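Q: I'd like a close look at a single part of this fold, with the aromatic side chains as the way in. Take me through who sits with whom, and keep it relaxed.

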Amino acid sequence: FRSAVNQSGQLLSYGNTGIPGNVSDPAIIGVNQSGQLLSYGSTGIPANVSDPAIVGFGGWLDFKFLFAGENLSGENRIYAVNQIQNGQLLSYGDDATPGNVSDPVIVGNDDWLDFKFLFAGKNLSGDNRIYAVNQGGQLLSYGDDGTPGNVSDPVIVGFGGWLNFKFLFAGENLSGENRIY
């Protein structure tokens, strides 16, 4: 399954059967208009996504960035940057019970609103990273060791030109190599 954002700001999920031009109809996922964070399961069958589970009851519309990733310990996390709380990078855990997302852990203190892109991925060594593009167009890489306020200092991965992209995200190619697209 792959994702895209439509003109209304809805996050859509599409299934790909592997046949060129034969993608499924979209399923709407992500945050609804009431600000609830929704979670969907995919059976792997095209257009057969589960009914949503409400992970967080409200307030998720206040975030500038919202993405899934893993910290350096391999724990699955939901990362968010709140536009109201000084641009702190927050980390949440989802224990898979409806409405029971954890209280946020402040991973990075301030200034995360200044980035154009912010997303999780893995480097070529397989280390979990948080990638960001700063106002100078540099691609930065951070590590989250899972303790409050203790995100690593950034490593400059790309020296410039990253502001020119409309989309930027991490994934794997068909060989299983970690890539930035």
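**The aromatic cluster and its surroundings**

A: Trp 112, Phe 115 and Tyr 142 are linked into a cluster by ring pairs. For a pair, the ring centres of Phe, Tyr or Trp (its six-membered ring) lie within 6.5 Å; planes under 30 degrees apart are stacked, over 60 edge-to-face, and the rest tilted. Before going further: this is a predicted model, with local features taken at pLDDT of at least 70 and side-chain atom pairs at 80 or more, while totals for chains, interfaces and linings use all residues. Numbering runs from 1 along each chain as its sequence is written, and side-chain values use heavy atoms, leaving out hydrogens and water.

How sure is the predictor? On pLDDT, its per-residue confidence from 0 to 100, the chain averages 79, with 78% of residues scoring at least 70. Strand β10 (residues 117–122) has the highest mean of the elements, 94, and β3 (residues 27–29) the lowest, 53. Strands here are DSSP runs of E, at least two residues long, numbered from the N terminus.

Back to the cluster. Trp 112, Phe 115 and Tyr 142 are also among the best-connected residues of the largest nonpolar core, which has 15 residues. Such a core is a set of buried Ala, Val, Leu, Ile, Met, Phe, Trp, Tyr and Cys residues joined through side-chain atoms within 4.5 Å; buried is under 20% relative accessible area with a 1.4 Å probe, counting protein chains only. Strands giving it two or more residues include β10, β11 (128–133) and β12 (139–142). Beyond four places in sequence, Tyr 142 has contacts (heavy atoms within 4.5 Å) with Trp 112 and Phe 115, and also with Ile 130, Val 151 and Pro 154, among others.

The whole structure has eight aromatic pairs. In one of them, Phe 119 and Tyr 131 have ring centres 5.6 Å apart and planes at 25 degrees, so they count as stacked. Since Phe 119 is in β10 and Tyr 131 in β11, the pair ties together parts 12 residues apart in sequence. Both residues are buried.

Phe 115 also touches Asn 134, which contacts Leu 140 and Leu 163 as well. Asn 134 lies in the loop between β11 and β12, yet is buried, at 16% relative accessible area. A polar atom of its side chain lies 3.0 Å from the backbone nitrogen of Gly 136, and the Asn 134 side chain makes a polar contact with that of Gln 138 at 2.9 Å. Polar contacts are N or O atoms within 3.5 Å; within protein, one must be able to donate a hydrogen and the other to accept it, and residues adjacent in sequence count only if both atoms are side-chain atoms.

Notes. pLDDT is the predictor's confidence in each residue, from 0 to 100. Helices (H or I, at least four residues) and strands (E, at least two) are DSSP runs, numbered from the N terminus. Buried means under 20% relative accessible area, exposed over 50%, partly exposed in between (1.4 Å probe, protein chains only).
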